[in-house]
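Work through the exercises below with the model open. Try each task before reading its solution.

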Protein chains: 2
Amino acid sequence: MGKRGKAMVIFQPSGRRGEVDKGVSIIEASRQLGVDIETLCGEKRVCGKCIVRIEEGFFEKYGIRSTKANAGDWQKEEGKFITPDKREQGYRLGCCAQVQGDLLVFVPEESRAGKQVVSKAARAIHIDWDPAVKYYYVEVAEPTFEEPTADLERILDELNHRYGLTGLDIDLLALRNLPSQLRAGDWKVTVGVWMDREIIRVFPGKHESYYGMAIDIGTTTVAAYFCNLVTMEVIDTVSMMNPQCKYGEDVMSRITYHVMHPDGLQKMSDDIIQGIQGLVTQACEGTHPPKINKRNKGNDKKATPEKAEDNQYLCLNPSDIIDMTIVGNTAMHHILLKLNPEHVGLAPFPPVAHKGLDIKARDLGIGINESAYVHVLPIEAGFVGADNVGVLIAEEPYKKEEIQLIIDIGTNGELVLGNQEKLISSSCATGPALEGAQLAFGMRAAPGAIERITIDPDTHEVDYKVIGRDAWKSYSKPEQVQAKGICGSGILDVLAELYRSGIVLKSGRFNPQEKSKRLRKNSENNQPEFVIAWKEETSIDKDIVITQKDIRQIQLAKGALYCGCKLMMRRMGIEKVDRVKIAGAFGTHVDREKALIMGLFPDCEIEKIISVGNAAGDGARAALLNRRKREEAHWVSRNVQYIELTVEKDFQEQFMQAMQIPHMKDEFPHLEGLVPEEILNQISKSQGLKLK
Amino acid sequence: MGKRGKAMVIFQPSGRRGEVDKGVSIIEASRQLGVDIETLCGEKRVCGKCIVRIEEGFFEKYGIRSTKANAGDWQKEEGKFITPDKREQGYRLGCCAQVQGDLLVFVPEESRAGKQVVSKAARAIHIDWDPAVKYYYVEVAEPTFEEPTADLERILDELNHRYGLTGLDIDLLALRNLPSQLRAGDWKVTVGVWMDREIIRVFPGKHESYYGMAIDIGTTTVAAYFCNLVTMEVIDTVSMMNPQCKYGEDVMSRITYHVMHPDGLQKMSDDIIQGIQGLVTQACEGTHPPKINKRNKGNDKKATPEKAEDNQYLCLNPSDIIDMTIVGNTAMHHILLKLNPEHVGLAPFPPVAHKGLDIKARDLGIGINESAYVHVLPIEAGFVGADNVGVLIAEEPYKKEEIQLIIDIGTNGELVLGNQEKLISSSCATGPALEGAQLAFGMRAAPGAIERITIDPDTHEVDYKVIGRDAWKSYSKPEQVQAKGICGSGILDVLAELYRSGIVLKSGRFNPQEKSKRLRKNSENNQPEFVIAWKEETSIDKDIVITQKDIRQIQLAKGALYCGCKLMMRRMGIEKVDRVKIAGAFGTHVDREKALIMGLFPDCEIEKIISVGNAAGDGARAALLNRRKREEAHWVSRNVQYIELTVEKDFQEQFMQAMQIPHMKDEFPHLEGLVPEEILNQISKSQGLKLK
């Protein structure tokens with residue numbers, strides 16, 4: 001495809017420009033030129049998020065003539081998302097339009113991939129001290145004619161004599177440094193030993209602090225905890241968007257990207273490795289005194305004076321990071337390690353490996369200490385990865401008598417149920433709706449996203465709050481609000497409020513009896529929709545609405561989750577759970593009451609529903625600071641029983657049932673007081689569920 | 001030093017030419033341009049081997065004007081080797097002369113580094129089969145919903161079930177290949193496991209042969225044994241000159257090169273790694289059918305039809321080499337691994353490490369199987385390296401009752417004495433004289449080197465044989481002989497014959513009573529010398545002689561060796577040894593009788609003096625084919641007692657005694673019949689030793 005040669009492409013409003021090969025898609029061009037365009041589906045032409053506008057004319061400033069024809073032939077998939085009217089104006093899907101000549105491409109705000117608001121601060125958890133790497137101080141005698149023993153054996157003998165360490169190996173690169181370090185330290189050195197097995201660092205004199213990093217690779221967000229391995233304190237938490245987002249929003253899109261592009265795995269792996277390297281650099285820079293000049297120039301590095309004071313300017317470098325642990329879902333795990341993720345995406349979803357892996361950082365291309373290992377935690381199954389293992393070793397449900405239900409809601413829901421007797425896990429295809437994706441105005445938890453909503457039951461007036469602005473809408477002028485979409489936590493609020501105020505019925509349908517200027521029919525498809533934010537309150541120059549289709553999407557997600565929980569309870573033979581733990585960013589932001597109203601998970605006392613934050617990251621941290629946690633991770637990953645729910649014979653029926661909003665009163669005794677009596681009564685009387 | 005810019009240098013007779021930076025030495029220029037000039041001392045300006053001649057004039061063919069002035073200032077060290085007369089003719093030392101302008105440099109034949117004749121064929125030794133890497137065939141079930149276990153654990157379970165292997169790790173690169181190999185093999189694969197610990201290769205179907213390579217890195221020669229790890233047969237033996245020879249002939253010169261050049265270690269290490277890679281390639285190419293086209297063009301690759309037939313065209317590639325073992329002396333060991341060899345060259349000579357090391361081939365930059373390990377055998381001491389450990393595990397003196405004396409004569413003499421009760425080792429500074437270096441006409445065992453000599457006791461006429469020509473001189477026309485110098489085995493012959501025929505006295509001095517046209521005074525220094533080959537029999541256009549100084553050098557070498565042996569015997573409290581084993585190329589070529597006449601080592605029955613060939617290489621092979629030999633190597637390297645002989649208080653006296661040629665009759669009962677009665681009587685009456 002494509003003619004020979006190159007074409008100039010300019011993206012607006014960012015102004016980024018450059019030459020690309022003719023024949024590439026506009027999305028590919030945007031990647032090459034560093035422009036972030038939303039591509040939730042990974043260029044499968046099904047999400048419609050990557051709408052751009054081709055500007056026509058001669059642009060003197062750039063010396064190019066841009067025409068609609070230069071964007072290649074119209075594809076039939078585009079018709080699903082772009083009206084003939086819009087098409088006339090030059091709108092195209094970035095994944096369908098091809099660069100065939102010079103182009104000026106405008107990226108509307110709703111197509112721009114926003115900067116995620118990340119909430120992965122380290123939580124205080126109890127961990128016993130027993131890191132995989134430990135430092136030992138040794139003093140040895142100088143060689144003499146009587147005792148001309150080699151440098152290494154001198155050290156080994158002393159490590160054996162003073163610390164009882166035997167049979168140690170040494171990494172070649174550490175061995176290369178040994179003679180100079182030993183002499184620089186006047187025969188007194190500190191020796192870093194990994195797992196009581198291998199010397200990985202030798203340096204002159206006595207060193208009592210050493211450092212490691214625990215990393216949680218989420219599909220969307222990557223968080224790194226920079227830890228002092230002696231005091232166990234978290235020196236800094238740094239995070240970033242997963243740079244693979246440009247290849248697709250969810251794991252399936254990324255797997256698809258790999259399958260469809262021969263170099264896809266390499267590119268995605270390189271991106272995450274580079275990303276991790278960036279976090280390493282950022283964390284280390286935070287321990288250096290601030291560079292005054294740079295700060296004046298508006299550098300946004302986090303070397304604030306407060307932090308620097310806390311750290312007393314430790315001035316650490318990547319080579320000081322002597323150990324690293326990593327968790328992530330199975331796809332992220334495989335892509336990081338460049339293991340073919342294809343089969344994880346195909347039934348029966350077998351991963352390449354379960355067991356935890358110790359890999360030299362240098363073999364992964366991660367620039368920390370040159371001899372350090374990276375420990376990647378084990379995975380349970382194709383859809384329950386090392387991140388879930390992290391959650392388990394952080395929460396330790398297998399050590400408790402009470403029955404816990406642990407829910408980790410990302411793009412997939414990962415579920416664990418059980419106690420010290422038995423532990424089962426499963427996953428449910430919630431889809432990305434609970435994260436705000438695939439909805440008309442869904443978006444990630446980024447500035448401008450509506451995250452909290454209330455609807456007045458009487459007036460049906462809406463109030464809401466957007467990320468990035470402390471004041472609620474009702475306390476702001478419309479033009480100050482700049483709403484852009486609705487994120488995951490907002491979605492749940494909307495639906496719970498719509499339901500509680502009677503605008504939406506238990507079936508999920510809009511109440512046809514309801515009269516409100518906010519409830520209207522869409523002019524194009526004649527479907528009902530409810531206006532959350534009026535055009536003048538938004539930055540996208542249109543009303544933000546929730547549509548009937550959106551509600552169906554959320555119902556599917558919550559149905560999958562609830563049905564998963566119920567089927568697991570049935571497998572365990574239990575009627576109720578003692579505690580519900582919600583892990584992940586969703587858990588941090590979600591309103592527990594509203595989650596219960598929505599019937600997101602089985603009934604539980606409100607105070608027994610707790611958010612455990614980034615428990616996956618906590619697990620990575622636990623494994624960093626305590627090597628026995630790695631064994632525990634191995635044990636639990638092989639002993640938690642993975643259950644494939646979709647093969648249960650009444651799955652379909654259960655799923656349909658679970659989509660109801662909310663569930664029967666007797667199934668949810670704790671709803672009392674949360675939902676008006678008349679609505680609960682109405683539900684209790686109703687039977688079945690009608691879906692269009 | 002040096003002015004800015006480049007200069008053109010042309011070397012004759014090779015015609016190699018190119019631009020080099022002004023200021024570099026002619027030796028450095030020769031390296032850059034691929035010209036081999038002898039530099040025995042590693043540019044320390046002491047060996048005088050690198051004499052070249054600067055040609056003066058305008059050379060139209062090259063468009064340059066070459067002048068003596070363009071070769072930089074005369075250095076005082078040059079005066080030791082170049083007479084004023086020769087200086088006038090343009091002769092310089094290549095290590096002293098600097099390129100300051102365009103130069104035409106003539107390299108006389110005696111300065112050209114010849115191509116070594118290598119004799120390191122594999123010897124038949126008994127080895128029990130137990131390689132470090134073993135292949136296992138497994139068949140596993142396809143994943144199902146009921147059993148969606150990961151690819152790796154599927155394999156691990158089967159390896160455990162069928163072969164009892166537990167707790168296996170897997171190399172990341174092997175893991176990356178696992179999914180595709182498993183599916184390509186329809187769930188039947190062969191798995192290569194290293195040391196029952198780590199999976200390093202997985203490939204489809206059943207494979208019953210696998211391959212490894214054992215390498216002996218000598219200071220001068222590198223030999224590689226390409227082995228079938230199942231049948232244990234040696235498929236091929238390939239060898240080469242150690243490419244580090246250009247940095248100096250002996251280990252001390254190389255250590256000096258490292259100390260004096262910041263990038264010296266890197267360069268020497270890179271060279272040997274590249275060299276090993278070349279051997280790997282060569283060995284693999286030998287298993288492919290000959291390429292007819294190339295052979296017709298005079299390609300000298302060894303893919304002879306006979307060999308190919310033997311191998312039935314195995315068509316192996318470097319990735320088929322799944323294991324490698326390496327031995328070498330301590331300096332070669334350190335340089336290979338890029339461990340600082342500096343301290344090995346300074347009293348008390350501590351090495352960086354003793355223990356055997358398992359290193360990923362990829363970490364060394366050796367391109368064999370990407371997940372394979374290289375096992376480097378342990379070293380005993382600064383001057384008794386992994387090569388000697390190789391000799392020990394091949395010869396196993398620690399398993400015998402008889403007391404063996406094992407001598408490995410390279411540039412250093414490495415000595416081991418003992419039996420199952422006790423084993424001691426030492427080294428003695430024989431210097432390179434026994435290898436032909438540092439003598440007026442000494443050279444390596446290369447074509448043109450005199451390797452055998454007889455002197456008629458009556459006429460004192462000399463006959464000799466040169467390497468590369470089957471016929472002895474007396475059966476050749478003078479101009480056919482083309483002698484160039486004397487190599488190690490020839491040296492010993494010369495002296496034994498000179499002694500046996502009465503030309504040299506027991507003290508090592510030429511017999512002043514002797515009248516022969518071959519025994520004359522050197523016209524320059526007035527010292528006596530004996531002509532071995534007349535000018536017309538040589539390719540260097542001058543008489544090849546042995547000088548009084550040469551004899552002193554050999555006396556020093558043989559004295560060091562004999563004294564070492566005697567002191568070790570004293571330490572052991574023994575009067576005689578049951579067996580003498582001579583390892584290395586020297587052992588293969590040396591005439592046992594003449595070695596005994598020379599008193600190279602203590603008296604022993606002739607038939608108990610045996611050559612064990614490249615026993616170091618045999619040891620490497622044993623460790624390749626039997627992993628327990630690695631443990632044995634570790635054990636012996638720590639249990640053989642290293643003795644530093646030079647610190648014995650009567651060392652000096654013993655050494656002086658040992659220089660006599662030969663020793664007392666009662667010390668050498670087995671000399672009877674080898675040396676004329678009257679000479680033996682004369683010795684028995686003589687006392688002491690007079691050296692100039």
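The exercises cover the chain interface and then two sheets.

This is a predicted model, in which local features need pLDDT of at least 70, side-chain atom pairs count only at pLDDT 80 or more, and totals for chains, interfaces and linings use all residues. Residues are numbered from 1 along each chain as its sequence is written, chains are lettered from A and ligands numbered from 1 in the order in which they are written, and side-chain values use heavy atoms, with hydrogens and water left out.

**Exercise 1. Size the interface of chain A and chain B**.

Step 1. Count residues in contact (heavy atoms within 4.5 Å). Chain A brings 41 residues and chain B brings 41.

Step 2. Take the buried area, meaning the accessible area (1.4 Å probe) that two parts lose on being put together, summed over both. About 3500 Å² is buried, 66% of it on carbon and sulfur atoms.

Step 3. Find the top contributors in chain A. A:Phe145, A:Arg176 and A:Pro348 lose the most area to chain B, together 17% of what that side buries.

**Exercise 2. Which polar links and elements build the interface of chain A and chain B**?

Step 1. Look for salt bridges (a side-chain nitrogen of Lys or Arg within 4 Å of a carboxyl oxygen of Asp or Glu). There are four between the chains. One of them pairs B:Asp169 with A:Lys355 at 3.3 Å, N to O.

Step 2. Assign elements; helices (H or I, at least four residues) and strands (E, at least two) are DSSP runs, numbered from the N terminus. In chain A, α3 (151–163), β9 (169–170), α4 (172–184), β16 (357–360) and α10 (361–364) each supply at least two residues to the side touching chain B. α4(A) gives the most, with six residues.

**Exercise 3. Which strands stand at the edges of the β22-β21-β23 sheet of chain B**?

Step 1. Set the pairing rule: DSSP must find at least two bridges between two strands. The three strands form an open, mixed sheet.

Step 2. Read off the edges. β22 (462–466) and β23 (485–486) of chain B each have a single partner strand, so one side of each lacks a neighbour in the sheet.

Step 3. Check one pairing. β21 (residues 449–455) of chain B runs antiparallel to β22(B), joined by five bridges. B:Thr454 stands opposite B:Asp463 in β22(B).

**Exercise 4. What is the strand order in the five-strand sheet of chain B**?

Step 1. The order is β2-β1-β7-β3-β6, open and mixed.

Step 2. β3 (residues 51–55) and β7 (residues 103–106) of chain B run antiparallel, with three bridges. B:Ile54 stands opposite B:Val105 in β7(B).
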